[in-house]
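Trainee: I am new to this structure. Please show it to me, and let me ask how each term is earned.

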Amino acid sequence: MSVEPSMEVHLAGLTLSNPVMLLSGCAGFGEEWAHVEGFDFSKVGAICLKGTTLHPREGNPPPRVAETPSGMLNAIGLQNPGARHVAEVILPQVLRRPTRFIANIAGSTVEEYAEVARIFDDTGVSAIEINISCPNVKEGGVAFGSDPVMAARVVAAVRSATSKPIITKLSPNVTDIRVVARAVIDSGTDIISAVNTFMGMAVDWMKETPILGNIQGGLSGAAIKPAALLQVWRVYEVAGARGIPIIGQGGILSARDAIEFMLVGASAVGVGTALFQSPLVAEKIVAGIRDHLVAKKLDTPQRLTGTLKIPSA
Ligand SMILES: Cc1cc2nc3c(=O)[nH]c(=O)nc-3n(C[C@H](O)[C@H](O)[C@H](O)COP(=O)(O)O)c2cc1C
């Protein structure tokens with residue numbers, strides 16, 4: 001007899017109807033999805049809003065995106081209309097949609113992160129994701145995420161600015177991600193997102209110039225999956241023991257990819273770059289995870305988390 005699994009996942013204080021979310025920067029501010037034919041908000045676990053700073057930002061000079069033979073490079077530079085506009089004008093529109101919304105915040109100083117968190121604390125978002133891993137801005141971003149002391153300071157400041165669940169999004173552009181994971185757990189993060197994009201660049205060999213206006217950018221998509229899986233496996237070594245859930249991400253295109261991330265330690269997963277080619281892919285991933293649970297006779301996705309079998313030598 002097959003048991004219908006419950007797809008609900010509980011990530012610290014954040015409960016999602018299923019473990020698949022749309023990632024920041026790849027899903028706009030949510031409302032655009034009302035115009036995507038066939039898209040059903042209630043079928044995705046959450047939508048993570050575009051990175052938001054205290055004041056509006058124009059972003060980096062164009063071109064901001066470059067396709068490479070393996071992976072996509074972007075250097076958007078956190079273009080956004082500012083936290084107050086998002087909270088007062090955009091959120092009242094999107095929050096009536098039947099899914100969870102998560103703010104994604106960034107700043108050039110620790111105080112700016114706290115101020116933006118305070119603004120979102122007063123809204124209906126279900127959690128606040130701290131982006132200390134943006135590789136495409138001159139101040140803040142990965143400069144905070146690659147220094148465990150600064151990362152801890154940002155998390156502690158956001159912790160004192162909000163009672164909502166905090167997700168800290170880690171950068172893979174570090175020597176040992178476990179050091180930063182430990183620091184953000186110690187300073188109060190509830191959940192970890194792993195990982196943001198890998199730094200890269202693209203060159204026009206005929207013009208002899210960089211392709212991106214910002215010269216460097218973040219690599220995402222299928223090309224980064226093996227590297228991202230290893231980072232999640234490493235973060236799980238630290239976070240799993242402390243009961244901190246991980247939102248695994250980096251190149252997920254299918255249910256199989258999502259399940260691989262869960263096996264190495266993720267409790268939920270995110271889909272980013274794949275949405276540009278296939279906006280309904282998240283719903284397909286949810287259905288595929290469910291089928292896998294039925295086939296394996298498991299009652300919840302969390303039974304997969306961290307169950308990778310390591311053959312003994
Ligand atoms: C165009 C683009 C914009 C992004 N903007 C943000 C952002 O504003 N904040 C953030 O935390 N991550 C941002 N990211 C990173 C994604 O949320 C995600 O962590 C990363 O791309 C890895 O997942 P993927 O390979 O499925 O895209 C962006 C990624 C892309 C491709």
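Mentor: Start with a term. On a 1 Å grid over the protein atoms alone, a pocket is an open set of points with protein on both sides within 12 Å along at least five of seven lines, while a cavity is a set where a 1.4 Å probe fits but cannot get out; lining residues have an atom within 4 Å of a point. A molecule sits in one if more than half of its atoms lie within 2 Å of its grid points. This model is predicted: local features need pLDDT of at least 70, side-chain atom pairs count only at pLDDT 80 or more, and totals for chains, interfaces and linings use all residues. Residues are numbered from 1 along each chain as its sequence is written, and side-chain values use heavy atoms, without hydrogens and water.

Trainee: Where does the ligand sit?

Mentor: The ligand sits in the largest pocket. That pocket holds about 630 Å³ of space. A volume here is the space filled by probe spheres set on grid points, which are joined across faces, edges and corners.

Trainee: Which residues line the largest pocket nearest its centre?

Mentor: Ser24, Gly25, Cys26, Asn74 and Thr197, out of 35 lining residues. Strand E4 (46-52), strand E6 (71-74) and helix H8 (274-277) each give two or more residues to this lining. Those labels are DSSP runs numbered from the N terminus: helices (H or I) have at least four residues, strands (E) at least two.

Trainee: Which residues come nearest the ligand?

Mentor: Ser24, Lys169, Gln249, Gly251 and Thr273, of 21 around the ligand. Near means that a heavy atom of the residue lies within 4 Å.

Trainee: What makes the Thr273 pair a polar contact?

Mentor: The term needs a pair of N or O atoms within 3.5 Å; within protein, one must be able to donate a hydrogen and the other to accept it, and residues adjacent in sequence count only if both atoms are side-chain atoms. An N or O atom in the side chain of Thr273 is 2.6 Å from an oxygen atom of the ligand, so the pair qualifies. Gln249 brings a polar side-chain atom to 2.8 Å from a ligand oxygen atom. Ser24 uses a polar backbone atom, 2.7 Å from an oxygen atom of the ligand.

Trainee: How much of the ligand does the protein bury?

Mentor: The protein buries 95% of the 610 Å² that the ligand exposes when taken alone. Such areas come from the Shrake-Rupley method with a 1.4 Å probe; for residues, only the protein chains shown count as cover.

Trainee: What is the second largest pocket like, by space and lining?

Mentor: About 220 Å³ of space lies there. Of its 13 lining residues, Glu67, Gly221, Ala222, Thr273 and Gln277 are the closest to the centre. H8 gives the most to this lining, three residues.

Trainee: Which residues does a cis peptide bond join?

Mentor: One joins Pro62 and Pro63, with omega about -10°. Pro63 is in the loop between E4 and E5. Another joins Ala194 and Val195, with omega about 5°. Most peptide bonds are trans.
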